[in-house]
Amino acid sequence: MKDDMDMNASDLAALRMLIVREQRGQSVSPHDLARHLRISTASTTKLLDRLSALGHIERRPHPHDRRARIVVLTEASRREFSRHFGAHLGAMRGVTARYSDDELAVISSFMTELGEAVDPS
C-alpha cells in the first residue's frame, strides 16, 4: 500500500491507527496521533495536511468538545485500505480466533514487554 499510494511509514502508521480505533468505536485527536507516532505536534500537522490533501482523512469537530477536532478516514481511504489489507486482516483474525481472551492477554503482555525491552524509550 505504501508504494502504491506514495506514502511514507508515518502516513501508513497513522492510517492503520485510525482504522484500528475506528473499529473499536474510538475517536482520534491530532494529539493522539502525535503520541502514538512519537512525533511533534508540528510534524503531526504536516502529516495531517498531507493525508488530507491526498484525500485520506478529514478533520472534524469533536462530537462532545466544541474546542477540539478529531481525525477520521474518508470512505475512499477506508475502501483502499480494505482492498490492500483485507485478506491479511482476515487471515490474522483467523489466527486470533484460535486463542481464548485469557491467552490473548498473555500474548499481548508478552509482546508489549518484548517491545519495551527492545526500545525502552
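## A salt bridge between a helix and a strand

In this predicted model, Asp49 and Arg59 pair up in a salt bridge, with their closest N and O atoms 2.8 Å apart. The two partners sit in distant parts of the chain: Asp49 belongs to helix H4 (residues 41-53), while Arg59 belongs to strand E1 (residues 57-61). Along the sequence, 10 residues separate them.

Are these two side chains buried or exposed? Asp49 has a relative accessibility of 40%, so it counts as partly exposed. Arg59, at 32%, is partly exposed as well. Both values fall in the band between 20% and 50%, which is why neither residue gets called buried or exposed outright.

## Arg78 and its two partners

Now look at Arg78. Which residue does it meet over in helix H2? That would be Glu22: the two side chains form a salt bridge, 2.8 Å from N to O. Glu22 lies in helix H2 (residues 9-23) and Arg78 in helix H5 (residues 75-96), so this pair ties together parts of the chain that are 56 residues apart in sequence.

Arg78 also makes a salt bridge with Glu75, at 2.6 Å from N to O. This one stays inside a single helix: both residues are in helix H5, 3 residues apart, or about one turn of the helix.

How much of each side of these pairs is open? Arg78 has a relative accessible area of 24%, so it is partly exposed. Glu22 is partly exposed too, with 33%, and Glu75 gets the same label with 44%.

## The wider salt-bridge picture

How many salt bridges are there by this rule? The count comes to 9. Some charged residues join up in a group: Arg21, Asp32 and Arg35 are linked in a network of salt bridges.

## A nonpolar patch on the surface

Let's leave the charges and turn to the greasy side chains. Val95, Tyr99, Ile107, Phe110, Met111 and Leu114 make up a nonpolar patch on the surface. Together they have about 550 Å² of accessible area.

Which helix gives the largest share of this patch? It's helix H6 (residues 101-118), which supplies 4 residues. Ile107 is in helix H6, and its relative accessibility is 37%, so it counts as partly exposed. A residue needs over 30% relative accessible area to join a patch, so Ile107 passes that cut-off with its 37%.

Methods:
Residues are numbered from 1 along each chain as its sequence is written. This is a predicted model: local features need pLDDT of at least 70, side-chain atom pairs count only at pLDDT 80 or more; totals for chains, interfaces and linings use all residues. Side-chain values use heavy atoms; hydrogens and water are left out. Patches are made of residues with over 30% relative accessible area and no salt bridge: like charges are joined within 9 Å, nonpolar side chains (Val, Leu, Ile, Met, Phe, Trp, Tyr) within 5 Å. Accessible areas come from the Shrake-Rupley method with a 1.4 Å probe; for residues, only the protein chains shown count as cover. A salt bridge is a side-chain nitrogen of Lys or Arg within 4 Å of a carboxyl oxygen of Asp or Glu. Helices (H or I, at least four residues) and strands (E, at least two) are DSSP runs, numbered from the N terminus. Buried means under 20% relative accessible area, exposed over 50%, partly exposed in between (1.4 Å probe, protein chains only).
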